[in-house]
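Here is a short tour of a protein and its ligand, written with a modeller's eye. Have a look at the structure first, and then we can walk through the binding site, a helix and the cysteines.

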Amino acid sequence: MTTQTESQRVEAAVAYLQQRLSAARCQQIGLAMVLGSGLKGFAAELHDSVSVPFAEIPGWPTPKVEGHGGALVVGRVDRTVVACLTGRVHLYEGWSPACVTRAVRTLRLLGVSQFLLTNAAGGIGEDLSAGDLMVLTDHLNLTGQSPLIGPHEALFGPRFPDQSKLYDPQLRSLLLACGSGLQQGVYAGLLGPSYETPSEVRMLKVLGADAVGMSTVHEAIALNAMGARICGLSLISNLAAGIGEQPLNHQEVMEEGRKASVMLTALVAEFCRRLA
Ligand code: HPA
C-alpha cells in the first residue's frame with residue numbers, strides 16, 4: 001500500500017470540491033472564514049448557500065468538540081461569495097498539524113486568497129473584557145509544532161516562509177473600520193486542552209500576548225506560506241486564568257460565542273460588503 005503525501009490528500013479534496021460545487025463557483029469565493037467555538041451560527045446568514053459536510057470531503061477530519069460544526073457552507077453576503085468552515089479540529093484532539101490545516105489548504109488551492117480566522121480566546125490585555133472582539137495584529141505559536149515540519153512540499157509554499165506580516169495590515173484596517181469598539185492585540189496559541197494556570201498567564205503577558213487560545217496559529221502559518229492574505233478575530237469569551245475570579249469552563253466559552261454572534265454577524269457582513 002502506498003501512503004499519500006499531504007499534497008496528494010489536499011489535491012484529492014480540491015478535485016472533489018471542484019466537482020461538487022463547480023470549479024466556476026469555487027473561483028468566485030472572495031473570502032473564506034473559519035468559525036471558532038460557538039460562532040458557527042454565522043453560516044446561517046449566507047444567501048443561496050450550499051452546504052457540504054466535512055465527512056463527505058475526501059481526507060477532511062471531522063470536528064468532535066461541542067460548539068463546533070462540521071460543514072463547508074458556501075453562499076453570498078451581498079455580492080461577495082463567502083465560504084465558511086463551521087468548525088475546526090484541534091491539536092489537543094490528537095490531530096496532527098497537517099490534519100488541522102487540511103481544510104484551509106484545500107480552500108487556498110481552490111483559489112481563495114483571503115481568509116478570516118475566528119476563535120474564542122481568554123483575555124490577558126488590561127483593556128479586554130468578556131464579550132470583546134479583538135482583531136489579531138500578530139501571534140505567538142507556543143504549540144511547539146508547525147504544519148510546515150516534515151519533507152518540504154512545494155505545493156504548500158517555500159521551505160522558510162517570511163512571517164513579518166502574517167496578519168495582513170490592509171485587511172486588518174478594513175476589519176477595524178467595519179465595527180466600533182474593536183480591540184487589537186497579539187494572540188498566543190497553546191496546545192491545551194487544559195486552560196492555563198495563573199502563572200502561565202502571567203508568563204504569556206510578559207511575552208507580549210493579549211489573548212490566549214488553542215487554535216488558529218497553524219492555519220495562519222500554513223495559509224501565509226501559501227501566499228494568502230489573512231485576518232484574525234478573537235472573541236474574548238472569558239478573562240484568562242488568574243485575571244478573572246471565575247473558574248473557566250467550555251460552556252461559558254460557547255455561551256459568549258452565542259451572545260457575540262449578533263455583533264460578529266454585523267461586523268463580518270460589513271467586512272464582506274467592503275471587500276466586494
Ligand atoms: N484559554 C485558552 N483557550 C481559550 C480560553 C482561555 O482562557 N478561552 C477560550 N479559549
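Three strands, β5 (114-123), β8 (211-213) and β9 (229-239), each supply at least two residues of the shell around the ligand. This is a predicted model, so please read every value below as computed from predicted coordinates. Which strand gives the largest share of the shell? That is β5, with 3 residues.

The residues around the ligand can be listed by name: A120, A121 and G122, then Y195 and E196, next V212, G213 and M214, followed by S237 and N238, and finally L248 and V253. As for the site itself, the ligand sits in the largest pocket.

Some of these residues also come up in polar contacts with nitrogen atoms of the ligand. The table sets them side by side.

| Residue | Atom on the protein side | Atom on the ligand side | Distance |
|---|---|---|---|
| A120 | backbone N or O | nitrogen | 3.4 Å |
| E196 | polar side-chain atom | nitrogen | 2.8 Å |
| N238 | side-chain N or O | nitrogen | 2.7 Å |

How much of the ligand does the protein bury? Taken alone, the ligand exposes 260 Å², and the protein buries 96% of that area. If you plan to look at the contacts yourself, E196 and N238 reach the ligand through their side chains, while A120 does so through a backbone atom.

Now to a helix. Helix α7 covers residues 217-225 and is mostly covered, with 9 of its 9 residues buried. By name, the buried residues in α7 are V217, H218, E219, A220, I221, A222, L223, N224 and A225. Just after α7 comes G227, which takes a positive phi of about 80°.

Finally, the cysteines. How many disulfides does the structure hold? The count is 0. C26 is in no disulfide, and the nearest cysteine sulfur, that of C84, is 15 Å away. With a relative accessibility of 1%, C26 counts as buried.

Why does C231 not form a bond with C178? The closest cysteine sulfur to that of C231 is the one in C178, and the 9.2 Å between them is too far for a bond; a disulfide needs the two sulfur atoms within 2.5 Å. C231 also counts as buried, because its relative accessibility is 1%. As a reminder, a disulfide is a covalent bond that joins the sulfur atoms of two cysteines.

How values were computed. Residues numbered from 1 in each chain as written. Predicted model: local features only at pLDDT ≥ 70, side-chain atom pairs only at ≥ 80, totals over all residues. Heavy atoms only, no water. Buried < 20%, exposed > 50% of the residue type's maximum accessible area, 1.4 Å probe, protein only. Near = heavy atom within 4 Å. Polar contact = N/O pair within 3.5 Å; in protein donor to acceptor, adjacent residues only side chain to side chain. Areas by Shrake-Rupley, 256 points an atom, 1.4 Å probe, with all protein chains shown as cover. 1 Å grid on protein atoms, 1.4 Å probe; cavity = no way out; pocket = protein on both sides within 12 Å on 5 of 7 lines; lining within 4 Å. Sits in = over half its atoms within 2 Å of the grid points. Helix = DSSP H or I, 4+ residues; strand = E, 2+ residues; numbered from the N terminus.
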